[in-house]
Amino acid sequence: KRRNLIKVPEIEEFLFGIGKYNFNSKLRLLSYQSNDSIKLSPKESQLLRLLILYKNDLLPRSIALSRIWRDESYFTSRSMDVYIAKLRKILEGDKNIEILNVHGEGFRLIVN
């Protein structure tokens, strides 16, 4: 008998190249041009991974909030904005990477 396999829409990748950065989401390590690595917090890591999975596309605010914070309240939404600001600061070493706010909808990670 063949069983129907249910495909889980979660991608199991954990190694990502993003501009001049390499990101290991399992170890939460982000390295710049193969140099020093920085250890991201669990939420920074989860948020960066989601942004990368949605690269050059819209990451809806509701998806990030429900996946990472399991809550869509005003306070968790403001908290996510703080994490976005942290990630922008961390990624500023590569001018080809930017995280855009799409007002009222979410974020877009642009890699030129």
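Select Arg-70 to begin: this residue follows helix α2, and its phi is positive, near 55°. Helices (H or I, at least four residues) and strands (E, at least two) are DSSP runs, numbered from the N terminus. The model is a predicted one, in which local features need pLDDT of at least 70 and side-chain atom pairs count only at pLDDT 80 or more, while totals for chains, interfaces and linings use all residues. Residues are numbered from 1 along each chain as its sequence is written, and side-chain values use heavy atoms, with hydrogens and water left out.

**Helix α2 and its buried face**

Step back from Arg-70 and select α2, residues 61–69, whose buried residues are Arg-61, Ala-64, Leu-65, Ile-68 and Trp-69; buried means under 20% relative accessible area, exposed over 50% and partly exposed in between, with a 1.4 Å probe and protein chains only. If you look down the axis of α2, these buried residues fall within an arc of 95°, so they line one face of the helix, the arc being that of the directions from the helix axis to the C-beta atoms. Now display what covers them, which includes α1, β5 (58–60), α3 and β7 (106–111).

**From α2 to α3**

Add α3 to the selection and compare the two axes, which are 11 Å apart and meet at an angle of about 95°; axes are lines fitted to C-alpha atoms, for helices over the stretch in contact, and angles run from 0 to 180 degrees between N-to-C directions. The two helices α2 and α3 are therefore roughly perpendicular to each other, where angles under 35 degrees count as roughly parallel, over 145 as roughly antiparallel, 65 to 115 as roughly perpendicular and the rest as oblique. On the α2 side, select Arg-61, Ala-64, Leu-65 and Trp-69, which meet Thr-76, Ser-77, Ser-79, Met-80, Asp-81 and Tyr-83 in α3, contact meaning heavy atoms within 4.5 Å. The residues of this contact of α2 with α3 divide into five nonpolar, three polar and two charged; Ala, Val, Leu, Ile, Met, Phe, Trp, Tyr, Cys and Pro count as nonpolar, Asp, Glu, Lys and Arg as charged, and the others, Gly among them, as polar.

**From α3 to α1**

Keep α3 (residues 74–90) on display and bring in α1, which packs against α3 at an angle of about 75° with the axes 10 Å apart. These two helices, α1 and α3, are therefore also roughly perpendicular to each other. To see the contact, select Lys-43, Glu-44, Leu-47, Leu-48 and Leu-51 of α1 together with Met-80, Tyr-83, Ile-84, Lys-86, Leu-87 and Ile-90 of α3. The residues in this contact of α1 with α3 divide into eight nonpolar, no polar and three charged.

**Ser-45 and the sheet beside α1**

Within α1 (residues 42–53), pick Ser-45, which is buried, with a relative accessible area of 3%. Leaving out residues up to four places away in sequence, Ser-45 touches Phe-23, Ser-25, Arg-28 and Leu-40. Widen the view to the sheet, and α1 is seen to lie across β1, β2 and β3, running at about 70° to β1.

The sheet is an open one of four strands in the order β1-β2-β3-β4, with antiparallel pairing, and two strands pair if DSSP finds at least two bridges between them. Its edge strands are β1 (15–18) and β4, each of which pairs on one side only. On average, neighbouring strands of this sheet are turned by 20° against each other, direction ignored.

**Following the strands**

Select β2 (residues 21–24) and β3 (residues 29–32), which run antiparallel and are joined by four bridges; here Phe-23 stands opposite Leu-30 in β3. Continue to β4 (residues 37–39), antiparallel to β3 and joined to it by three bridges, and there the bridge partner of Leu-30 is Ile-38. In the hairpin of β3 and β4, with four residues between the strands, Gln-33 takes a positive phi near 45°.

**Two loop residues to finish**

Return to Arg-28 in the loop between β2 and β3, where this residue, although not a glycine, has a positive phi of about 60°; Arg-28 is partly exposed, with a relative accessible area of 27%. Last, select Asn-56 in the loop between α1 and β5, another residue other than glycine, whose phi is positive, near 60°, and which counts as partly exposed at 40% relative accessibility.
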